[in-house]
Amino acid sequence: MYFYGMKENQPSIAIIGAGVSGLTAAITLQKAGYQTTIYEANSFVGGRVHSDVSRSQILDHGFQVMLDAYPAVQEFLDVEALKLRKFVPGSIVFKDGKKYRLGDASRNSSFLWSTIVAGVGSIKDKWLVFSLSRKLKQKSVQEIFSSPEVTTLAYLQDYGFSAKMINSFFKPFYAGIFLETELATSSRMFEFVFKMFTEGNATIPAQGIKAIPEQLAAQLPKESLILGKNVSSIVGNEITFENGEKATADFTIIATPAGKLVPNLANQEQNWHQVTVLYLDTDHTGFDEAIIGLVTNEDSLINNFHFLQDVFDDHKNIISVSVVKKHTLNNEQLTERVIKELREETDIKASSLIKMFHINKALPQLNSLNNCMHPTETQLTEHVFLAGDHLSNGSLNAAMLNGKAAAQAVMSKIDGSVLL
Ligand SMILES: Cc1cc2nc3c(=O)[nH]c(=O)nc-3n(C[C@H](O)[C@H](O)[C@H](O)COP(=O)(O)OP(=O)(O)OC[C@H]3O[C@@H](n4cnc5c(N)ncnc54)[C@H](O)[C@@H]3O)c2cc1C
């Protein structure tokens with residue numbers, strides 16, 4: 001599906017990185033009639049959004065969901081074609097040898113009674129969840145990202161949630177999303193994600209998370225995507241590759257942290273949250289619904305898990321376990337520990353390890369968050385523009401919106417149009 005009446009005598013535009021952000025920048029430019037060339041270091045598109053297929057099973061590189069209420073989703077993706085698998089709006093909490101099913105009863109009535117009686121927080125806590133979801137439905141995304149920032153922990157405490165509710169639900173649930181266990185992430189991200197959860201569904205495409213960048217890439221001419229090309233520096237309009245080759249571009253969008261590529265940014269190191277995901281064979285047949293399991297024991301390394309057979313068609317018993325806490329175990333020790341914790345904390349028997357992914361650069365650590373960049377803020381130098389989630393917040397939504405913003409900035413530079 002190629003667009004678009006190409007403009008003549010147009011300037012050359014390079015994009016570094018075929019992650020979701022770089023792909024979205026290219027789509028925005030190509031739709032407007034500009035030609036782009038993406039240089040991507042990996043042999044595949046998608047960057048952090050990737051999946052392996054092993055024994056016909058889809059193994060995503062990290063548990064990652066697309067919230068279908070993200071504003072950018074409708075703009076850039078054909079959600080119907082992705083055949084999204086939806087998680088139910090709740091979780092199963094394993095606490096002190098017991099199991100509680102709790103969730104948003106206003107969207108799925110089967111959660112009503114089990115949520116009221118769940119030994120996870122008081123009745124007041126459950127009322128506060130309801131009141132928070134009403135409050136955030138009314139609050140626009142723009143308002144959220146211009147609200148004062150505190151840590152998510154301070155926000156929840158100020159809102160009146162009990163320590164029990166925070167420790168038994170919010171900590172494990174949001175540690176699985178923020179990929180840090182202290183709820184130190186900005187309250188803006190908490191409000192944004194909470195709002196997206198109340199307005200839509202957590203989803204994974206039927207063919208795994210990598211179907212998202214693959215669908216984006218399919219909107220671009222094949223020859224505009226150059227894989228296996230690692231850029232080492234960008235100076236002015238000259239791009240140098242790791243193998244010494246060079247290319248020129250009138251404009252370059254760097255859709256990945258630029259610190260290592262642009263000489264005068266060399267001291268701007270990006271820090272990251274990490275996660276390890278283990279896929280294990282299990283004799284457990286699953287929960288018969290796509291739902292997240294949470295382990296609340298503070299000493300446990302397991303944070304959250306789900307069964308692949310609950311999400312994807314034709315998958316046999318495989319459990320995906322996320323470990324967010326830092327540890328010093330090697331792969332063998334970690335596997336043993338996770339199998340033991342699964343048995344002790346959840347009564348689930350897992351056997352052999354299928355695959356383990358250590359994702360050291362999963363989510364950017366950011367001090368202050370915004371929804372997305374204004375196009376005018378994406379320009380770094382005369383020739384170079386920036387995109388990527390790390391400029392705003394670690395989400396597919398920010399990655400897409402920032403790709404679009406950088407593309408708009410380049411177009412305005414070319415045609416002299418004013419950006420509002
Ligand atoms: C485990 C995990 C869980 C996540 N969970 C969620 C979630 O549930 N919901 C959500 O919305 N988001 C989630 N995210 C975040 C989401 O994946 C990112 O926000 C998004 O993928 C960022 O896209 P990007 O294009 O900005 O960056 P990237 O995906 O990092 O893309 C950058 C690209 O640039 C390439 N590149 C880098 N350097 C060079 C170079 N020198 N030369 C050429 N190419 C280069 C890289 O190879 C990469 O392909 C998760 C991420 C991870 C890893």
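**Exercise 1. Describe how many residues of domain 1 and domain 2 are in contact, and place that contact in the chain.**

Solution. In this predicted model, 23 residues of domain 1 are in contact with 24 residues of domain 2. Next, locate the two parts. Domain 1 is assembled from the segments 13-49, 210-268 and 370-415, while domain 2 takes 53-205 and 272-364. Taken over C-alpha atoms, the centres of domain 1 and domain 2 lie 30 Å apart.

**Exercise 2. State the area buried between domain 1 and domain 2, and find which three residues of domain 1 supply the most of its share.**

Solution. The size of an interface is often expressed as the accessible area lost when the parts come together. Between domain 1 and domain 2 that area is about 2,000 Å². Carbon and sulfur atoms give 67% of the area. On the domain 1 side, R48, Q215 and N397 supply 27% of what domain 1 buries against domain 2, more than any other three residues.

**Exercise 3. Find the salt bridge that the rule gives across the interface of domain 1 and domain 2, and trace its two residues to their helices.**

Solution. Side chains of opposite charge can pair when their charged atoms come close. The cut-off to apply is a Lys or Arg side-chain nitrogen within 4 Å of a carboxyl oxygen of Asp or Glu. By this rule the model has 18 salt bridges. One salt bridge is found across the interface of domain 1 and domain 2. For the pair K404 and E75, the closest N and O atoms are 2.7 Å apart, and the cut-off is met. K404 belongs to helix α13 and E75 to helix α2 (residues 71-76). The two residues are 329 residues apart, so the pair links distant parts of the chain. To place them by domain, compare the numbers with the bounds: 404 falls in the segment 370-415 of domain 1, and 75 in the segment 53-205 of domain 2.

**Exercise 4. Work out which helices and which kinds of residue make up the side of domain 1 that touches domain 2.**

Solution. Begin with polar contacts: six residue pairs are found across the interface of domain 1 and domain 2. Then turn to the helices. α1 (20-31), α10 (211-217) and α13 (396-415) each supply at least two residues of the side of domain 1 that touches domain 2. Among these helices, α13 gives the most, with five residues. Finally, sort the residues on that side by kind: eight are nonpolar, eleven polar and four charged.

**Exercise 5. Describe the two hairpins, β3 with β4 and β11 with β12, and name the residue with a positive phi in each.**

Solution. Strand β3 (residues 51-54) pairs antiparallel with strand β4 (residues 57-60) over four bridges. S51 has D60 of β4 as its bridge partner. Two residues lie between the strands of this hairpin, and R55 takes a positive phi near 50°.

In the second hairpin, strand β11 (residues 231-235) and strand β12 (residues 238-241) run antiparallel, joined by four bridges. The bridge partner of I234 in β12 is I239. Two residues separate β11 from β12, and G236 in the turn has a positive phi of about 60°.

**Exercise 6. Give the strand order of the sheet that holds β5, β9 and β6, and explain why β5 and β6 each have a side without a neighbour.**

Solution. The order is β5-β9-β6, in an open sheet of three strands with antiparallel pairing. β5 (66-67) and β6 (84-86) stand at the edges with a single partner strand each, so one side of each has no neighbour in the sheet. Between β6 and strand β9 (residues 202-205) there are three bridges. In one of the residue pairs, R85 is matched with I204 in β9.

Conventions:
Residues are numbered from 1 along each chain as its sequence is written. This is a predicted model: local features need pLDDT of at least 70, side-chain atom pairs count only at pLDDT 80 or more; totals for chains, interfaces and linings use all residues. Side-chain values use heavy atoms; hydrogens and water are left out. Domain bounds come from an automatic or database domain assignment. Contact means heavy atoms within 4.5 Å. Buried area is the accessible area (1.4 Å probe) that two parts lose on being put together, summed over both. A polar contact is a pair of N or O atoms within 3.5 Å; within protein, one must be able to donate a hydrogen and the other to accept it, and residues adjacent in sequence count only if both atoms are side-chain atoms. Ala, Val, Leu, Ile, Met, Phe, Trp, Tyr, Cys and Pro count as nonpolar, Asp, Glu, Lys and Arg as charged, and the others, Gly among them, as polar. Two strands pair if DSSP finds at least two bridges between them.
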